[in-house]
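Trainee: I should like to learn how to read the features of a structure I have not seen before. May we work through them one by one?

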Amino acid sequence: MTLSVRLKPMRLTLRTLMNPRCAVRDAQAIEPPPWWQTFLRLAFPVLVVSVIVSQWLYQIIPTGLPPEAMPGAWGFGVYSVLAMSIGVLGLAWSAHYLTELFQGYSHPDRAMLAVTIGLLPAWVGKVAAAFPWPWGNTIGLLLILYSLWLLYWSLRGVLGLRRGNRIGLFVATVFCGAFIALIFGWLLMDLIPGATPDTRIGTTWLI
């Protein structure tokens with residue numbers, strides 16, 4: 001199977017959900033494309049589809065919240081795409097720069113591929129969370145936890161970390177990536193009209 005086929009967004013997403021370890025082994029064995037190609041051809045299309053579908057579901061499925069407690073679909077959609085993109089880049093570059101500290105193979109192309117594979121289930125979880133409670137939130141949370149597990153295996157396999165350094169890199173990468181996403185996320189939320197509701201009730205506006 002060629003690299004171009006392996007990086008088809010929908011196919012790789014399904015493969016990651018059905019057989020995650022095989023997807024990680026494939027990513028470990030291939031020569032990854034430049035990091036920006038992985039982001040534009042794989043990460044960005046999947047996260048954009050995730051945002052579009054989840055926002056569409058929020059419009060047609062009653063949330064039980066008053067209209068003033070829901071963010072604007074367009075404003076929050078733009079915010080979500082930007083915030084999630086920053087999160088991907090933040091995680092990838094954190095993994096890249098921290099890998100040498102944990103005696104691994106530091107390379108931005110492999111770091112981006114490893115992070116993207118690890119985050120694919122979380123973006124599916126964003127869609128699942130738009131379905132009614134408790135099933136939607138439960139499935140979404142399970143997929144996020146699954147994504148964290150897969151991110152650990154992906155970083156471990158694709159970056160070639162030695163035993164004893166893997167958990168340290170995973171924790172440091174998640175902490176740094178989350179910190180970057182949080183800082184820029186709050187700034188973007190204040191800058192984009194409609195990204196926040198008039199009245200913040202519950203956690204729907206944070207999804």
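Mentor: The discussion below turns to helix packing, then to single residues, then to a pocket. Please keep in mind that this is a predicted model.

Trainee: How are two packed helices described, and what are the values for α3 and α6?

Mentor: Two packed helices are described by the angle between their axes and the distance between the axes. Here, the axes of helix α3 (residues 20-29) and helix α6 (residues 108-128) cross at roughly 170° and come within 11 Å. Angles over 145 degrees count as roughly antiparallel, and α3 and α6 are therefore roughly antiparallel to each other. On the α3 side, Ala23, Ala27 and Gln28 make the contact, and on the α6 side Arg110, Leu113 and Ile117 do so. Sorted by class, this contact of α3 with α6 has four nonpolar residues, one polar and one charged.

Trainee: Are α2 and α6 roughly parallel or roughly perpendicular to each other?

Mentor: The axes of α2 (residues 9-18) and α6 come within 9 Å, with a crossing angle of roughly 90°. Angles of 65 to 115 degrees count as roughly perpendicular, so that term describes α2 and α6. Leu12, Thr13, Thr16 and Leu17 of α2 meet Ile117, Leu120, Pro121 and Val124 of α6. Six residues of the contact of α2 with α6 are nonpolar, two are polar and none is charged.

Trainee: Turning to single residues, is threonine 38 buried or exposed?

Mentor: Buried means under 20% relative accessible area. Threonine 38 has a value of 0% and is therefore buried. This threonine 38 lies in helix α4. Neighbours within four places in sequence aside, threonine 38 is in contact with Pro33, Ala43, Met112, Leu113 and Thr116.

Trainee: Why does tyrosine 58 count as buried?

Mentor: Tyrosine 58 counts as buried because its relative accessibility is 10%. Tyrosine 58 also belongs to helix α4. From C-alpha to C-alpha, tyrosine 58 and phenylalanine 131 are 7.9 Å apart in space, although 73 residues apart in sequence.

Trainee: Which residues line the second largest pocket?

Mentor: The lining consists of Val48, Val51, Ile52, Gln55, Trp56, Gln59, Ala73, Trp74, Gly77, Val78 and Val81. The elements giving two or more residues to this lining are α4 (35-60) and α5 (73-99). Helix α4 supplies the largest share, six residues.

Trainee: What is the volume of the second largest pocket, and how do its lining residues divide by class?

Mentor: The second largest pocket has a volume of about 230 Å³. Its lining has eight nonpolar residues, three polar and no charged ones.

Key
Residues numbered from 1 in each chain as written. Predicted model: local features only at pLDDT ≥ 70, side-chain atom pairs only at ≥ 80, totals over all residues. Heavy atoms only, no water. 1 Å grid on protein atoms, 1.4 Å probe; cavity = no way out; pocket = protein on both sides within 12 Å on 5 of 7 lines; lining within 4 Å. Points joined across faces, edges and corners; volume = space filled by probe spheres on them. Helix = DSSP H or I, 4+ residues; strand = E, 2+ residues; numbered from the N terminus. Nonpolar A, V, L, I, M, F, W, Y, C, P; charged D, E, K, R; others polar. Buried < 20%, exposed > 50% of the residue type's maximum accessible area, 1.4 Å probe, protein only. Axes fitted to C-alpha atoms, helices over the stretch in contact; angles between N-to-C directions. Parallel < 35°, antiparallel > 145°, perpendicular 65-115°, else oblique. Contact = heavy atoms within 4.5 Å.
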